[in-house]
Amino acid sequence: MLTESPTVDRLRSPELWGDLLAQSDGYGRWGRRKLAAYRELLASGEVGRMVDEYSAGRLSLGPPTRRLLNKADGRKKVVFTFALADELLLKALNRVLQSTTARDHSRVCHSFQPGRGPRTAYREIHRIRGLHRLHCLHLDVSDYFNSIPVEPLLASLPQTITDDEPLQQLLAKTLRDQCVLSGDEQVRDFHKGVMAGTPIAPLLSNLYLRPLDAAFEEARIPFVRYADDMVVFGTEPEVTRYGVDIERRLADMGLSLNARKTRLSPPGAPWEFLGLRYEQGSLDLATNSVGKLRRRVRRIARRARRRQDPATHAIRRLNRRLFGVGGRPADFTWASWFFPLLSSDTTLRRLDGLIQAQLRFAVTGSHSRRNFKEVSYDRLVSAGYVPLVSAFHAYRRGRAEYETILERCTLSESRQPEHQ
């Protein structure tokens, strides 16, 4: 029997599992089914058995399933998923480690930590003296999660993890195991790193880049990182030198830069970071963010054509993607990422026009001026449609007004049950 550890103590706390289930209370059928499965695992005693095995250092997770997801640019992204019981335990461990490793993260890293995110990243950027006079170098790590070499990662983990013997043993076994499921076949994958898509991957990836963060933080160089996305500021010779230094440090860690996403912007020129476009002190949606939303809306509209009530179906899907309608207030949404930082509604207005056109296409199957008569704006609103501009200004006026405008979507859904 291994010595009791902080993670074992927390995993045996009913409060941890109650909080975790509340966080996992997602929207949509799959979210509800998964939550029910999680509850069943806890009620059956399966999770308790796994915690006992974990405490004794005997727990081994099953091989994850490797999947390919389509990216916005047409390329494929490799992600991994564990069986539900293994996934639930990893979620619990991640929740525990969010607090126990809080001091091990760098101040310049703004990803995957409670209370940190795009807002804190841009708050840090706005504090940079003479920002408008500096060059901006934007860099991106290639295939970040899956490229992290396992042995250097394990050797670099902070003492808060290495002193916890059951945790260290489980991480080592899970990360070193090269077996994955691909379809119905078990194969070996020598390039899975910390496994994108798994609950523990974001935290481990943050910790692995601590030396890079620390080098820039200690040198007081204007540098901000969010996961694999980073920006550094200075004169042109400085940022050129910083870029070379970052590339060298990453190479020493077994990582590389994505040359396609490396961009140098001179003073006064716009630059993009975290899906936003910074120009002369103002923030708008980045070109790629606009393109992603356009493509998503078009896919939703095309799929809605097969439904008995296309407008209702499309609007429901859209409201869930944009605003999290049907989920919890704490859920990540498109609006919660962008609304706090946008400086104007200019691009939102253009997107509203595109969204309305696609909703009308979902009903009529064509793009013509007659659509405005056949599918009126009032009809869209009665089905629960909320323009981005209206939601944005309600958000800016306060939480109460924002929640009120989203309640309109919920009421519309309750009045108009969707035909499947």
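The exchange below covers cavities, a pocket and helix packing in a predicted model.

Local features in this model need pLDDT of at least 70 and side-chain atom pairs count only at pLDDT 80 or more, while totals for chains, interfaces and linings use all residues. Residues are numbered from 1 along each chain as its sequence is written, and side-chain values use heavy atoms, with hydrogens and water left out.

Colleague: How many cavities of 30 Å³ or more does a search of the whole structure find?

Modeller: A cavity is a set of points on a 1 Å grid over the protein atoms alone where a 1.4 Å probe fits but cannot get out. Points are joined across faces, edges and corners, and a volume is the space filled by probe spheres set on them. With the cut-off at 30 Å³ or more, the count for the whole structure is two.

Colleague: Which helix gives the largest share of the lining of the largest cavity?

Modeller: The largest cavity holds about 50 Å³ of space. Its lining residues, those with an atom within 4 Å of a point, are L90, L170, L171, T174, L175, M195 and I200. Helices (H or I, at least four residues) and strands (E, at least two) are DSSP runs numbered from the N terminus. Four of the lining residues come from residues 165-176, which is helix 10.

Colleague: How many residues of the lining of the largest cavity are charged?

Modeller: Ala, Val, Leu, Ile, Met, Phe, Trp, Tyr, Cys and Pro count as nonpolar, Asp, Glu, Lys and Arg as charged, and the others, Gly among them, as polar. The lining of the largest cavity has six nonpolar residues and one polar; the number charged is zero, that is, no charged residues.

Colleague: Which helix gives the most to the lining of the second largest cavity?

Modeller: About 40 Å³ of space lies in this cavity, and V297, I300, A301, A314, L318, Q358 and L359 line it. Two or more residues each come from helix 14 (287-304), helix 15 (310-323) and helix 17 (346-364). With three residues, the top contributor is helix 14.

Colleague: How is helix 14 oriented to helix 17, roughly parallel or roughly antiparallel?

Modeller: Axes are lines fitted to C-alpha atoms, for helices over the stretch in contact, and angles run from 0 to 180 degrees between N-to-C directions. The axes of helix 14 and helix 17 come within 8 Å and cross at roughly 15°. Angles under 35 degrees count as roughly parallel, over 145 as roughly antiparallel, 65 to 115 as roughly perpendicular and the rest as oblique. Helix 14 is therefore, relative to helix 17, roughly parallel.

Colleague: Which residues in helix 17 meet helix 14?

Modeller: Contact means heavy atoms within 4.5 Å. Helix 14 brings V290, L293, R294, V297, R298, A301, R302 and A304. The contact divides into ten nonpolar, two polar and three charged residues. From helix 17 come T347, L351, L354, I355, Q358, F361 and A362.

Colleague: What is the orientation of helix 17 and helix 20 to each other?

Modeller: Helix 20 covers residues 388-397, and its axis lies 8 Å from that of helix 17 at an angle of about 140°. In the contact, L348, R349, L351, D352 and I355 of helix 17 meet L388, V389 and F392 of helix 20. By class that is six nonpolar, no polar and two charged residues. The angle therefore makes the two helices oblique.

Colleague: How many charged residues are in the lining of the second largest pocket?

Modeller: A pocket is an open set of points with protein on both sides within 12 Å along at least five of seven lines. The second largest one holds about 200 Å³ and is lined by R107, V108, E124, R127, I128, F216, E217, R220, I221, P222, F223 and V224. Helix 12 (210-218) and strand 6 (223-226) each supply at least two of these. Seven lining residues are nonpolar and none polar, and the charged ones number five.
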